[in-house]
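Reader: Could you take one part of this model and examine it closely, residue by residue where that helps? Once that part is clear, I would like the account to move outward to other places in the chain.

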Amino acid sequence: MYTLMIADDEQLERQALRFIIEKNCPDIQIISETGDGKSAVMIAVAEKPDIVLMDIRMPEMSGLEAARTIREQLPDTTIVMLTAFDEFSYAKEALSIGAVEYLLKPLRPKDLLETLNTVAEKIGQRKRKEQQEAELRKNLDEAMPFIKNSFIQDLVSGKVTDLANFRERAAFLGITADSGAILVANIDNFKQITRSASELERQVVKQRVYQQVCKCAGKDTLVIPFGGDEIIILMSYEGEVKPEQVEHQVRETAQKIRDGITELGVSLTIGIGRYYNDPLQIHKSYLEAVSAEQQKFYMGDNQIIHIDDLPHLSAVSFRYPFNYERSLLDKVRCGERQQAKEALRQLLHEIFTAKASIETVKACVLELLIVLSRAAVEGGANLEQLTLLNFNCINHLMGCADREEVRRWILDALDQFMDNMLEHRTSMNVRLINKACAYIIENFHKSISLDEVAQTVHLSPYYFSRIFKVEKGCNFVDFLTKVRIDKAKKLLQNPEQTVVRVASEAGYQDASYFCRVFRQEVGVTPNQYRTQIKNSTKSAQVDKLSQQQPSKTQQ
């Protein structure tokens, strides 16, 4: 539907125009009509018609003057001039002020309708194009955050390798960048301070922080939320600038952002990378900014940290304190909770004071979690349950932002391991020791050792020796000796077995040593024991015979 206004000082002409248009043009709605130029301007500005039929000669203000004024204020309104004077000068002036057509009076309906149809078609094309452009702008506005995010992601990951492509994409986003530096801001302890909040409330906090960072950074700075709680700030520069000037400016901007964020009741730590005059090298600035920001692990929250403030990052080689780890694992296997926690604290102190990167620290602590769980399993913990505990712990570790949080995390994990170990170790120890005893009884005639038996039940020799004594009431050597001596006693009952052979079958290669051990355990030598068995056997036979023969009284 198109709207139309008629401006003609002759009422009969207006009525004729209305009749022709309403009868033949259902898509055109006449919204107003007037008889003078001044009111034509006022009505047109108020109603904003798509088409104006304007008579050139009208009182107070001519049609040409009125058309010129309307055209200035309503450039999209189409004006068709009407005149009774077939003079080229009028037509030329009408066209010069933007009228698309002029019609001569008296009008022929055919000419009027053809002109209106042509005008309506052009207006329709223009409106459809405007609608399409509006849709494109709307879609572009909706997609702009993704476009910015994609640009930043490619930039910081080093995927932008073509300078022309970089400048084209930057220009599309309104950035003129020949060089730049990157700041990385992160909300301190965000997960902890929003632990009791809903996801909606957490996103609201993030959005408020983002908006405040944008406000403080300025409209010429590109600010992008980038994964997790991280916000990337790209400070770009046009032309040549001095690095020291950039460093001063980025520190000043970081300070402004940090101060502005405190109004929201949260704090930010901001890492700053170096300035690069080659835009294709800006991704290095991002990596430096991330490394700097992560140093809050050691320096605490609410910091502004420039990469050049941290010379130790490239100067120190990290050495893992394995000696403390070995002591810790022994304490865990033995179930000594307090000693294990103290050993763990010492180990963490060594790791933290080495000033390694947070990635290195987390990697070390993650590996420590694995070896601790193995030690706990050796100490009697349930492997399946520890696997689930490890999975949950690892997810938590990734979110730890400072040393204290990592320390609490690993100490809590140790407590859970120890609880599980103590819960399961009694029944497990019984099973393992019974299995070890069965192995000893089956292989006592061989030269077996404590280490060999401990290996069969997958325990460390130290821990195996400890729980063996608790469960059996004697140590490994005493138990093995008892098994061997018991076997020797049975063999000595056979008079055809020599002492040398008995010793060998009982697991002793040295008969003399066997005799000494046997006498120490039994109180007599093997031969004396055999004599005792022989005498006791004869005595038993005599007693049996005497019971079978009748006495003289009975005879």
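**A loop residue and its surroundings**

Author: Lysine 48 has a relative accessibility of 52%, and it counts as exposed because the cut-off for that class is over 50%. What follows describes a predicted model, and every value in it should be read in that light. In the chain, lysine 48 sits in the loop that runs between H2 and strand S3, the latter covering residues 51-55. The backbone at lysine 48 deserves attention, since its phi is near 55°, a positive value in a residue that is not glycine. As a general matter, most residues other than glycine have a negative phi.

A second residue with a positive phi is found beyond S3: glutamate 60, in the loop between S3 and H3, has phi near 70° and is, again, a residue other than glycine. With a relative accessibility of 69%, glutamate 60 counts as exposed, because this value is over the 50% limit. Lysine 48 thus belongs to the loop between H2 and S3, and glutamate 60 to the loop between S3 and H3, which leads naturally to the two helices themselves.

Helix H2 spans residues 37-47 and helix H3 spans residues 63-73, and their axes come within 9 Å of each other while crossing at roughly 15°. Angles under 35 degrees count as roughly parallel, so H2 and H3 are described in that way. The handedness of the crossing between H2 and H3 is right-handed. On the H2 side, the residues that take part in the contact are Gly37, Ala40, Val41, Ala44 and Val45, and they meet Ala66, Thr69, Ile70 and Gln73 of H3. Sorted by class, this contact of H2 with H3 holds six nonpolar and three polar residues, with no charged residue among them.

Within H3 one can also pick out alanine 67. Its relative accessible area is 1%, and alanine 67 is therefore buried, the limit for that class being under 20%. Alanine 67 and methionine 81 lie 14 residues apart along the chain, and 8.5 Å separates their C-alpha atoms.

Moving outward, the protein chain has 23 helices and ten strands, and buried residues account for 44% of its 555 residues. If one considers the contacts between residues at least 6 apart in sequence, 67% of them join residues at least 24 apart.

Two further helix pairs can be set out in the manner used for H2 and H3. Helix H8 (residues 199-217) packs against helix H9 (residues 243-261) at an angle of about 140°, with 9 Å between the axes, and H8 and H9 are therefore oblique to each other. H8 passes H9 in a right-handed crossing. Here Val209, Gln212, Val213, Cys216 and Ala217 of H8 meet Thr253, Lys256, Ile257, Gly260 and Ile261 of H9, a set that divides into six nonpolar residues, three polar residues and one charged residue.

Helix H13 (residues 322-333) and helix H14 (residues 337-353) have axes 8 Å apart and pack at an angle of about 160°; since angles over 145 degrees count as roughly antiparallel, that is the term for H13 and H14. The crossing of H13 and H14 is left-handed. H13 contributes Tyr324, Glu325, Ser327, Leu328, Lys331 and Val332, which meet Gln339, Ala340, Ala343, Leu344, Gln346, Leu347 and Glu350 of H14, and by class the residues of this contact are seven nonpolar, three polar and three charged.

Helix H10 (residues 282-293) offers a check on helix length: at 1.5 Å a residue, its twelve residues should span 16 Å, and the end C-alpha atoms are 17 Å apart, which agrees. Nine of the twelve residues of H10 are buried, so the helix is largely enclosed by the rest of the structure; among these buried residues are His283, Tyr286, Glu288 and Glu293.

To return to the backbone, lysine 105 and proline 106 are joined by a cis peptide bond with omega about -5°, and proline 106 lies in the loop between strand S5 (101-104) and helix H5 (109-156). In general, most peptide bonds are trans. Finally, phenylalanine 172 in helix H6 (residues 163-172) has 46% relative accessibility and so counts as partly exposed; lysine 148 is 24 residues from phenylalanine 172 in sequence and 9.7 Å from it in space, C-alpha to C-alpha.

Note on methods. Residues are numbered from 1 along each chain as its sequence is written. This is a predicted model: local features need pLDDT of at least 70, side-chain atom pairs count only at pLDDT 80 or more; totals for chains, interfaces and linings use all residues. Side-chain values use heavy atoms; hydrogens and water are left out. Axes are lines fitted to C-alpha atoms, for helices over the stretch in contact, and angles run from 0 to 180 degrees between N-to-C directions. Helices (H or I, at least four residues) and strands (E, at least two) are DSSP runs, numbered from the N terminus. Angles under 35 degrees count as roughly parallel, over 145 as roughly antiparallel, 65 to 115 as roughly perpendicular and the rest as oblique. A crossing is left-handed if the near helix is turned anticlockwise from the far one by less than a right angle, and right-handed if clockwise. Contact means heavy atoms within 4.5 Å. Ala, Val, Leu, Ile, Met, Phe, Trp, Tyr, Cys and Pro count as nonpolar, Asp, Glu, Lys and Arg as charged, and the others, Gly among them, as polar. Buried means under 20% relative accessible area, exposed over 50%, partly exposed in between (1.4 Å probe, protein chains only). The expected span of a helix is 1.5 Å times one less than its number of residues.
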